[in-house]
Amino acid sequence: MAGEAQDDCLFCKIVEGHIPATIVRETETTVAFRDINPQAPTHVLVIPKAHYRDAATLAAAAPELAADVLRETQAVADEDKLESYRVVFNTGSGAGQTVWHAHAHVLGGRGMEWPPG
């Protein structure tokens, strides 16, 4: 069920402390941690603590929580002193989503090309 922790979800296990991660920020509703396969000098994932399958599901079911995730992307960028950065939500396997828990990638610290993919 949306919002409830899933036993088979990697990110739910990080939220619960069962899998280690390099956590850079934590709020009542979100956790931000370094990506284990960084694509830029700053590559942090910001996730809601509650489980939602993807960004679209999160936005529809809990817009206030989606706003919390976006607010934390700015906080991550501020802490890493990024003047420019990119926020990416991959939604669906065709877009590159591999973990089925909504998450924002905060990428920065190098130039970003367009189009990205």
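The legends below describe several views of a predicted model of a protein.

**View 1. Overall fold of the protein, with three helices and five strands.**
Read from the N terminus, the elements follow the order α-β-β-β-α-α-β-β. The radius of gyration is 13 Å, close to the 13 Å given by the globule rule for 117 residues, so the protein is as compact as a globular protein of that length. Along the principal axes, the C-alpha atoms fill a box of roughly 40 × 30 × 25 Å.

**View 2. Burial and contacts across the chain of 117 residues.**
Of the 117 residues in the protein, 39% are buried. Among contacts with a separation of 6 or more, 52% are between residues 24 or more positions apart.

**View 3. Accessible surface and charges of the protein.**
The accessible surface amounts to about 6,700 Å², and carbon and sulfur atoms contribute 51% of this area. The protein carries 9 positive and 16 negative charges. The mean position of the positive charges and that of the negative charges lie 5 Å apart.

**View 4. Close-up of Cys 9 and Cys 12, two buried cysteines.**
The relative accessible area of Cys 9 is 5%, which places Cys 9 among the buried residues. Cys 12 is also buried, at 1% relative accessibility. For Cys 9, the closest cysteine sulfur is that of Cys 12, at 3.6 Å. For Cys 12, in turn, the closest cysteine sulfur is that of Cys 9. A disulfide requires two cysteine sulfur atoms within 2.5 Å, and the 3.6 Å between the sulfurs of Cys 9 and Cys 12 is therefore too far for a bond. The count of disulfides in the model is zero.

**View 5. Close-up of Ala 104 in strand 5.**
Strand 5 covers residues 104-108 and includes Ala 104. With a relative accessibility of 0%, Ala 104 counts as buried. Leaving out residues up to four places away in sequence, Ala 104 touches Val 44, Leu 45, Val 46, Val 69, Thr 73, Val 87, Val 88 and Phe 89.

**View 6. Close-up of the pair Ala 104 and Leu 45.**
Ala 104 and Leu 45 are 59 residues apart along the chain, and their C-alpha atoms are separated by 5.5 Å. Leu 45 is one of the residues that Ala 104 touches, as are Val 44 and Val 46. Ala 104 itself belongs to strand 5.

Notes. Residues numbered from 1 in each chain as written. Predicted model: local features only at pLDDT ≥ 70, side-chain atom pairs only at ≥ 80, totals over all residues. Heavy atoms only, no water. Helix = DSSP H or I, 4+ residues; strand = E, 2+ residues; numbered from the N terminus. Rg over C-alpha atoms; globule rule 2.2 N^0.38 Å. Buried < 20%, exposed > 50% of the residue type's maximum accessible area, 1.4 Å probe, protein only. Contact = heavy atoms within 4.5 Å. Areas by Shrake-Rupley, 256 points an atom, 1.4 Å probe, with all protein chains shown as cover. Lys, Arg positive; Asp, Glu negative; His and termini not counted. Charge placed at Lys NZ, Arg CZ, Asp CG, Glu CD.
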